[in-house]
Amino acid sequence: MELFYHPLSRYSQKVLLGLYEKQANFFPRVVELRDPVQRAEFAQIYPPCKLPLLKTSDGLLLPESSIIIEYLDRQVRGGTRLLPDMPSVNLRVRLWDRLIDNDLNNQLFVLEQLFNESQQDELKIRQLRNRLWLTLQELDNQLADNHWLVGDGFTLADCALVPCLDTLFDLLTPFELDNLCRYRQQANIRGAWELVTDEITLAQAEETAGVRNIP
Ligand SMILES: N[C@@H](CCC(=O)N[C@@H](CS)C(=O)NCC(=O)O)C(=O)O
């Protein structure tokens with residue numbers, strides 16, 4: 001298997017976390033989409049040019065982080081069971097995964113863009129922050145009765161949430177949400193996430209030092 005990804009992309013981090021939880025073997029293929037040459041090369045493989053992308057050992061191309069993790073969970077024996085068998089639990093895991101991607105991860109992208117605008121639109125920022133706070137409160141309530149997001153086991157829903165934590169704590173500072181704070185501490189000492197974090201730290205340092213090609 002080959003994973004095309006970028007260590008600073010949250011959806012890539014979601015899949016990396018799943019791969020490390022599954023203890024899966026894969027060839028890492030880092031793609032810098034801001035480099036026109038690398039982008040053109042990647043477009044030859046996958047024209048929509050979105051990361052992450054998994055190329056399976058039989059040549060199948062799989063986009064979409066949740067679908068990739070679902071595939072890994074079925075194909076790779078051992079490691080953490082990311083999509084539990086029990087239908088009612090499986091449904092809740094997939095529901096939280098969707099809610100996190102749509103209502104949190106994608107909205108954090110929008111908020112980051114709004115913050116980066118030279119003329120910040122305060123009203124839009126406040127409206128979006130309020131919507132995001134509702135999601136955070138929902139997450140905090142869910143975590144009051146659950147060790148990980150859905151029950152005692154680490155699942156696809158946690159693969160979706162954990163990569164969002166640093167950005168959401170930076171932008172929304174929800175330190176009064178005790179359950180979310182506890183969850184973040186717990187995530188930070190989870191082995192699979194520590195491996196992803198090492199890669200993020202290295203990529204951030206390279207970017208700061210200007211090692212990466214940023215046209
Ligand atoms: N729904 C997709 C989202 C993938 C996505 O938006 N990837 C971003 C990076 S985090 C990307 O490739 N953006 C490049 C572009 O849109 O040109 C997933 O879950 O994998």
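This passage looks at a small set of strands and at the cysteines in a predicted model.

The strands come together in an open sheet, and there are four of them. Reading across the sheet, the order is β2-β1-β3-β4, and the pairing is mixed. At the edges sit β2, covering residues 27-30, and β4, covering residues 61-63, and each of these pairs on one side only. Going from one strand to the next, the twist averages 20 degrees.

One pairing in this sheet can be followed down to a pair of residues. Strand β1, made of residues 2-5, runs parallel to β2, and four bridges join the two. Across this pairing, Leu3 stands opposite Pro28 in β2.

Now for the cysteines. A disulfide is a covalent bond between the sulfur atoms of two cysteines. How many disulfides does a search of the whole structure find? The count is zero. For Cys164 and Cys181, distance explains the result. To count as a disulfide, two cysteine sulfur atoms have to lie within 2.5 Å. For Cys164, the closest cysteine sulfur belongs to Cys159 and is 11 Å away, so a bond is out of reach. Cys181 has its closest cysteine sulfur in Cys164, but the gap is 16 Å, which is again too far for a bond.

Are these two cysteines buried or exposed? Cys164 is buried, and its relative accessible area is 0%. Cys181 is buried too, with a relative accessible area of 18%; that value counts as buried because the cut-off is under 20%.

Conventions. Residues numbered from 1 in each chain as written. Predicted model: local features only at pLDDT ≥ 70, side-chain atom pairs only at ≥ 80, totals over all residues. Heavy atoms only, no water. Buried < 20%, exposed > 50% of the residue type's maximum accessible area, 1.4 Å probe, protein only. Pairing = 2+ DSSP bridges. Axes fitted to C-alpha atoms, helices over the stretch in contact; angles between N-to-C directions.
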